[in-house]
Amino acid sequence: MKTSQILLEKNVPCTKRDGTILYSDIYRPNQDGQFPVMLTRLPYSKDLPFYSHRYLDTNRLVENGYVVIIQDVRGRYKSEGEFFPFKYEAADGYDTVEWAAKLPYSSGKVGMFGLSYYGFTQLSAASERPPHLYAIFPAMTSHDSRNGLLFHNGAYELGLFETWVLESIVPDLLKRKHKNEKTYAEAMNSLAKSFNNISEWYRYSPINEWPPIKELGVADFFFELLQYNLEDDFWDKTGIAGKFEQINIPAYHAGGWYDCLLGSTIDNYIKIKKQAEDPKVKDNQKLIVGPWAHGDFSSLIGERSFGVHASENWIDLKEDLTNLHIRWFDYWLKNIDTDITGEAPVKIFVMGINEWRDEQEWPLARTIYTPYYFHSEGKANTRNGDGRLTVKKPADEPVDQFIYDPHHPVLTQGGGTLYDGINQVGPLDQRKVEERDDVLVYTSEPLEEALEVTGPVKVKLWAKTDAKDTDFTGKLVDVLPDGTAYNLTDGIIRARYRNGFIPEADLDGEVVEYEIDLWSTSNVFLPGHSIRIEVSSSNFPRFDINPNTGRTMKDSTEVKIAKQAIYHNEKYPSHVILPIIPAKK
């Protein structure tokens with residue numbers, strides 16, 4: 001059934017259990033009858049079609065017989081209340097689903113869709129088990145602010161969070177605060193000036209006095225969130241990391257190899273599938289990962305083009321992203337057999353050969369986890385050094401050393417980023433970064449045959465520092481025959497949080513084993529290409545600068561230069577573990 005006319009109802013009220021009213025725009029077929037509902041709840045304004053239409057064609061959803069509801073979450077735009085990230089989304093989501101199910105033109109079946117924050121609102125609502133929520137499609141989203149959203153293995157996601165609050169959240173808060181046109185214009189002018197100097201503001205410390213927000217007098221949650229330690233139970237209350245077993249509905253998870261939330265997106269798929277109580281739920285979790293960045297489903301990411309079949313408009317030359325949603329929800333909300341449940345549970349884009357491939361699980365069962373060891377004569381600094389990467393274990397080799405100066409951090413060059421800057425996301429040539437003395441570079445010989453790396457990537461590092469606390473970073477790079485070096489995936493570890501959310505004591509010059517989680521990738525290193533690992537101690541402004549003093553940028557301005565030593569010998573065999581996929585015979 002298709003409709004040619006669409007009705008739009010603006011600012012439809014939904015009263016929450018505490019009396020707060022949230023407002024929605026409702027798009028529905030202009031004809032009699034009851035239809036399933038596709039709901040999204042977002043903090044970016046329901047009035048801006050950019051947020052829903054850039055991701056999905058919501059008009060086409062209605063044309064295919066759905067009621068589409070877009071709601072401003074609590075404290076945002078038209079909705080009442082005070083906004084605090086993630087805090088109210090579980091209860092508000094439950095209430096909204098049940099309200100939507102009872103609308104006179106609703107069939108009683110509700111599905112949810114959306115990416116990023118409005119991917120989280122789906123998972124959060126689902127964890128409360130509203131009776132009328134039948135399926136969700138969470139894309140590029142988180143489940144725990146400590147796991148790749150506000151923090152990343154102990155390091156603060158500085159660029160992401162400062163940019164998000166300043167760019168996406170503050171403007172509406174200023175409008176709600178300033179009813180006078182003149183004072184509002186002055187506040188917005190101040191905000192604009194901050195944006196013009198954002199690269200300098202990233203360097204400001206202490207962050208708990210960050211002037212671009214402090215002086216505007218809004219978004220107090222920004223500073224409150226800085227006060228919580230990673231071990232505090234606050235994070236459990238605002239996330240769903242401990243509630244995966246409560247999600248009892250089918251979910252289609254979408255991610256990108258260059259997405260800032262790739263790690264948690266994959267975790268959502270794995271953990272719901274593993275922990276769900278109902279076998280029907282376990283068997284109906286799906287995952288698709290393209291060569292995409294956060295909210296960017298195009299075929300051109302960073303400095304690489306992956307072909308038109310990589311984009312959301314031509315997925316595997318079969319369908320676009322909107323049609324994939326329609327097939328998913330047609331099955332679960334309309335009982336139409338679209339063959340989607342019979343398809344492989346995992347669909348990934350393999351870079352290098354630029355092909356889509358169906359898989360039965362993640363990680364792939366046929367993976368051979370292979371250590372590639374670091375080697376050098378003590379001069380692995382820069383890509384012109386003597387750092388090597390081989391499958392042979394090291395023997396008695398000298399350490400590699402570098403100086404980490406927090407005043408001069410290694411600058412972020414692409415990757416899974418989300419902050420304000422020019423050409424700052426995705427695969428970018430790393431050669432300029434690799435010219436720095438504080439970047440150790442380990443490179444394999446050019447490959448004689450193609451080698452596929454698909455799955456989770458981890459660096460096992462034995463290191464020593466003269467600092468009380470410090471960071472170590474790792475990056476996997478595909479080096480082309482002409483020397484161009486494209487980043488695939490990267491990670492960071494803060495020494496104090498090397499064993500989880502409970503902080504360790506100050507370091508005291510001991511050799512310590514670290515595991516740097518580089519999340520996941522899928523790439524074929526072609527013949528003539530080389531595998532490269534970069535190791536350093538900063539990746540700024542993606543992550544905050546570790547001052548090496550035992551404190552952080554959050555509440556301190558003091559820094560200390562640190563002497564770092566990376567070991568690769570028989571006792572301390574630093575290496576990267578690559579998920580090698582055997583070639584078909």
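Reader: Which residues have the most contacts inside the largest nonpolar core?
Author: A nonpolar core is a set of buried Ala, Val, Leu, Ile, Met, Phe, Trp, Tyr and Cys residues joined through side-chain atoms within 4.5 Å. Buried means under 20% relative accessible area, exposed over 50%, and partly exposed in between (1.4 Å probe, protein chains only). The largest core has 135 residues. Those with the most contacts inside it are Phe221, Phe222, Trp257 and Leu461.

Reader: Which helix gives the most to this core?
Author: Helices (H or I, at least four residues) and strands (E, at least two) are DSSP runs, numbered from the N terminus. The helix that gives the most supplies 10 residues. This helix spans residues 158-177 and is α5.

Reader: What pLDDT do local features need in this predicted model?
Author: Residues are numbered from 1 along each chain as its sequence is written, and side-chain values use heavy atoms, with hydrogens and water left out. This is a predicted model: totals for chains, interfaces and linings use all residues, side-chain atom pairs count only at pLDDT 80 or more, and local features need pLDDT of at least 70.

Reader: Which residues does Leu461 touch, not counting residues up to four places away in sequence?
Author: Contact means heavy atoms within 4.5 Å. Leu461 is among the residues with the most contacts inside the largest core. Its partners are Phe374, Phe472, Val512, Glu513, Tyr514, Ile516, Val535, Ile566 and Ser574.

Reader: How many residues are in the second, separate core?
Author: This core includes Val37, Leu39, Val110 and Leu133. Its residue count is 29.

Reader: How many of the 8 residues of strand β3 are buried?
Author: Strand β3 covers residues 35-42. The strand is largely enclosed by the rest of the structure, because the buried count is 8 of the 8.

Reader: In which sense do β3 and strand β5 pair?
Author: Two strands pair if DSSP finds at least two bridges between them. β3 and β5 (residues 106-115) share 4 bridges, and the bridge partner of Val37 in β5 is Val110. β3 also pairs with strand β4 (residues 67-72), over 6 bridges in the parallel sense. For β3 and β5 the sense is parallel.

Reader: Over how many bridges do strands β15 and β25 pair?
Author: β15 (residues 368-375) and β25 (residues 575-581) run in the antiparallel sense. Tyr372 stands opposite Val576 in β25. β15 also pairs with strand β16 (residues 388-390), over 3 bridges. For β15 and β25 the number of bridges is 6.

Reader: Is Asp25 buried or exposed?
Author: A salt bridge is a side-chain nitrogen of Lys or Arg within 4 Å of a carboxyl oxygen of Asp or Glu. Asp25 makes one with Lys10 (2.6 Å, N to O). The pair links strand β2 (residues 21-29) with strand β1 (residues 6-15). At 0% relative accessibility, Asp25 counts as buried.

Reader: Which residues are linked with Lys10 and Asp25 in a network of salt bridges?
Author: Lys10 is partly exposed, with a relative accessible area of 41%. The structure holds 44 salt bridges. The others in this network are Lys46, Asp47 and Lys78.

Reader: How far apart are the closest N and O atoms of Asp471 and Arg494?
Author: Both residues are buried. They form a salt bridge, with the closest N and O atoms separated by 2.8 Å.

Reader: What accessible area do Val308, Trp314 and Leu317 have together?
Author: Patches are made of residues with over 30% relative accessible area and no salt bridge; like charges are joined within 9 Å, nonpolar side chains (Val, Leu, Ile, Met, Phe, Trp, Tyr) within 5 Å. Areas come from the Shrake-Rupley method with a 1.4 Å probe, and for residues only the protein chains shown count as cover. Leu317 is exposed, with a relative accessible area of 60%. Together the three form a nonpolar surface patch of about 360 Å².

Reader: Which residue does a cis peptide bond join to Ser205?
Author: Omega of this bond is about 5°. The partner lies in the loop between α7 (198-201) and α8 (211-214). The partner is Pro206.

Reader: What is phi of Thr382?
Author: Thr382 lies in the loop between β15 and β16. Thr382 is buried, with a relative accessible area of 10%. Its phi is positive, in a residue other than glycine, and near 70°.
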